[in-house]
Amino acid sequence: PTKISKETLPMDSTELRQSILKHLEFSMGKDLVHASLYDMRMALTLAVRDRVIEPWFRATRATYAAQSKRVYYLSMEFLIGRLLEDAIMNVGLTEAAHEAVAGLGFDFETVLADEPDAALGNGGLGRLAACFLDSMSTLGCPAYGYGIRYEHGLFRQSFAQDGRQVETAEDWLRQAHGWEFERPEASFRIGFGGSVAENGRTAIWTPEDAVLAKAYDTPIVGWQGKWANTLRLWGAEALTAFDLAAFNKGDFTAAAAPEALARTISRVLYPDDTTEQGKELRLKQEFFFTAASIRDILRRFNAEHSDLSGLPSRVAIQMNDTHPAIAGPELVRALVDESGMEFDTAVETARACLGYTNHTLMPEALERWPEELMSRVLPRHMQIIERIDESHAKAHPKRNVSIVENGEVKMGELSFIMANKVNGVSALHTELVKDTVFAELNALHPGRIVNETNGVTPRRWIKGANPRLSSLITDTIGAGWEDRLERLVELEPAIADKGFRNQFAEIKARNKRDLADWIERDMGIAVNPAAMFDVQIKRFHEYKRQHLNILETIALWQEIRANPGAGWAPRVKIFGGKAAPGYVMAKEIIHLINNVARVINADTTTRDVLTVVYPPNYNVTMAERLIPASDLSEQISTAGKEASGTGNMKFSLNGALTIGTLDGANVEIRDLVGPENFFLFGMTASEVVECRKTPDHAARAIKASNRLGAAIEMIEAGAFSNGDTEMYHGLTQNLRGHDYFTVCADFDSYWDAQRRVDAAWGDQDNWTRMAAINTARTGWFSSDRTIQGYMADVWKITPMI
Ligand code: 26Y
């Protein structure tokens, strides 16, 4: 029998209480009588952090002792949300912490809610990176997450200006970040600009400017505290913090200038996730964190090994989209210029270390940098990129693609050529990657593209977010499903049992009552908790088609008014999400939704059956509140545009039914739950492509659909803009004209699917049965399964536990 060390025994609440009091006194400098909510939250955080140290050290030592290969997950974004509840849960302290905190006179939930939501990401890509960190630690995969310690995460959203999105700076680091350890010894000088002196085979790059990248480490503990990895975020600082001469002359602004300039690099997360802006600062951010990470990786390797040809057997670097694509050239530069490796060998060595995950096919989101900018900011890297391009051309004389084209550096092509594996994030997306953006490169490098369908961590998204459902699962199939999520299939026999279905329905009902209370408290809107909660939460994009949803809402409202006695299924339409500050059309859609909500919610004749709510500032914490209380999950993107989606998985797992297109991972969700438990509508990806060949496809669809025509006309007549007929001109003209995202062509199909939803809602017990089947059959979407796929197919790493 394995001996359980004292450290891994569950700590009881008395011991935890002692630890909290110790931190209150010695870390916060307070006694209990004077402790604020913040003091208590920090003391609890530090007490829990103490418990993570042992598995963290143990994991580090074990990896070192085994000389194991490590994964380095490079990502511009980590959308973590709150950490405290998750960490408490993972180390098995939930009850003890609850008891200890209550015993000290504080409300546990209030203490947890005091933690700021770390929004170091925009949406899906950043949240995926956070789920991956959890799974890599749960599986005992030795790994580091590398990113940027943004001072300001994603902006805060309000609707202060008559329902228009207003952005304000987010400020999560105003308070001390209780989880992190500052590592001044892990600092690197990162240069920009300057000149290159060729020196035979190698070159000497003399940068013009430089900043210091300083490491900040957060331990990420896995399920049951068996393993912990490190999230290492880089903060930018000036090499010389202060210009004393200027200060002494009384010019305080000039004195602080070097520090201010350097710090801009890690100051703020770019909030644009579709339109590549080509901003110099973003390029500098990308190089800053990538170069610091590569240097850290090489330093760790060199401390253990002497022969760089062995790098690929110890190092797997994953590029989360093209944002860290400079990793390839930077690694080649280090191997050639700093270690004297032969160029082609260096390229081979780097390639054997690198993997690239593609998250989008949308041309406007595929990064391209002007050659001029790249040459100015990273002159040596530009030379290396050109040489990589040349040698690729030489190896494939008949190729038609190149990395540098029309004065631009195409980061997707660079990433593909420098990676040994390229992956898409759902089955459909991977096939489209092969057939469209990378068709040529796929033909030159068959087998390089693989699929790794996304997943989500069940610890945060079921266990933490939906404790009631988690208890029912444990009561039904026994403990241990949290890291064996495929075991959810064991629920299926119980679904035939009426008692189980009643419990399942009761849990959903209670979650909905909690949400209704919150909506009432927070927004002052009373919603009927017995109504269907119909939820669309995600970033605002035309391809995600929130406007399809709101058009259907308008049409439904009209239909209800025309036939008030028709026994409508009562609905609460819930929206959540932010738009990129410069994305005019997305912001117009947000504004329209708020105005439609205002008008519909004021209609006393439809009040009992239709309400629209749009709480501002959607974030990870809000998702944790909304998803367990949802009945219907809106996954209605234009087919071929949503690479995967991950919210869709969270909804299914929590027992919501999906209305959706055949797009991204919806396809795999439908395959798993069965077509009879999924409300499918709309054109397929290839039908969309066909449809666009008819130039007036939108006009035809509007002509064929009275409901759609009437809904658009209502908007145009000013029904939601106090009679202003111009307010939504941009939106309605786009729908009538170009309608690239085929909202009009899919409208009737969507309407019909919604009426099938209504009909299904009429049989509540059968709805519950379908919802429970969704939970039982979607365990495959655990990010543990995804990470096992990466470990086997891409990283070639075996788990340490
Ligand atoms: C370069 C800049 C314009 C940019 C910044 C952020 C481009 C893209 C992004 C973020 C993309 C993103 O979040 N993509 C989403 O990735 C998820 C995880 O794979 C997918 O589920 C989702 O379909 C995809 O839109």
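## Strand S22 and its neighbours

Which residues of strand S22 (residues 632-635) lie on one side and which on the other, and are they buried or exposed? On one side sit Leu-632 and Glu-634, on the other Ser-633 and Gln-635, and all of them are buried, so both faces of S22 are covered, with 20 or more other C-beta atoms within 10 Å as the bar for "buried". Keep in mind that we're looking at a predicted model here.

S22 belongs to an open sheet of 6 strands with parallel pairing, and the order runs S21-S20-S19-S22-S23-S24. At the edges are strand S21 (610-613) and strand S24 (679-680); each has a single partner strand, so one side of each has no neighbour in the sheet.

## Pairing on either side of S22

Start with strand S19 (residues 532-537), which runs parallel to S22 and is joined to it by 2 bridges. Here Asp-534 stands opposite Leu-632 in S22, and Val-535 faces Ser-633.

Then there's strand S23 (residues 657-660), which pairs with S22 over 4 bridges, again in the parallel sense. Leu-632 turns up here too, with Leu-657 as its bridge partner in S23. To get from S22 to S23, the chain passes through helix H24 (residues 647-653), and this β-α-β crossover is right-handed.

## Strand S11: a hairpin and a parallel partner

Now for strand S11 (residues 228-237). It's mostly covered, with 9 of its 10 residues buried. Strand S10 (residues 209-221) pairs with S11 in the antiparallel sense, over 10 bridges, and Ile-220 is found opposite Asn-229 in S11. The two strands S10 and S11 make a hairpin with 6 residues between them, and if you check backbone torsions in the turn, Gln-224 has a positive phi of about 65°.

S11 also pairs with strand S4 (residues 143-148): these two run parallel and are joined by 5 bridges. Look for Tyr-144, whose bridge partner in S11 is Thr-230.

## A three-stranded sheet with a helix across it

Another open sheet has 3 strands in the order S14-S16-S15, with antiparallel pairing. Why is one side of S14 and of S15 left without a neighbour in the sheet? Strand S14 (368-370) and strand S15 (404-405) stand at the edges with a single partner strand each, so each has a side with no neighbour.

S14 and strand S16 (residues 408-410) are held in antiparallel register by 3 bridges, and Trp-369 has Val-409 as its bridge partner in S16. Helix H14 (residues 411-418) lies across S14 and S16, at about 45° to S16.

## Met-382

Met-382 has its place in helix H13 (residues 379-395). Is Met-382 buried or exposed? It has 21 other C-beta atoms within 10 Å, and the cut-off for buried is 20 or more, so Met-382 counts as buried.

Set aside the neighbours within four places in sequence, and Met-382 is in contact with Met-374 and Ser-375. As for Asn-451, it is 69 residues from Met-382 along the chain, and the two C-alpha atoms are separated by 31 Å.

## Helices H27 and H30

Helix H27 (residues 697-704) and helix H30 (residues 743-762) cross at roughly 30°, with their axes coming within 7 Å. H27 brings His-697, Ala-698, Ala-701 and Ile-702 to the contact, while H30 brings Cys-744, Ala-745 and Phe-747. Sorted by class, that's 6 nonpolar residues, 1 polar and no charged.

## How the domains fit together

Zooming out, the protein chain is divided into domain 1 (1-66 + 88-115), domain 2 (67-82 + 117-454 + 787-795) and domain 3 (458-781). The C-alpha centres of domain 1 and domain 2 are 33 Å apart.

How many residues of domain 1 are in contact with domain 2? There are 16, and they meet 19 residues of domain 2. Helix H2 (residues 37-65) gives the largest share of the domain 1 side, with 10 residues. By class, that side of domain 1 has 9 nonpolar, 5 polar and 2 charged residues.

Definitions and conventions: Residues numbered from 1 in each chain as written. Predicted model: local features only at pLDDT ≥ 70, side-chain atom pairs only at ≥ 80, totals over all residues. Axes fitted to C-alpha atoms, helices over the stretch in contact; angles between N-to-C directions. Contact = placed C-beta atoms within 7 Å. Nonpolar A, V, L, I, M, F, W, Y, C, P; charged D, E, K, R; others polar. Buried ≥ 20, exposed ≤ 12 C-beta atoms within 10 Å, placed from the backbone. Pairing = 2+ DSSP bridges. Right-handed = clockwise from strand over helix to strand, strands pointing away. Domains from an automatic or database assignment.
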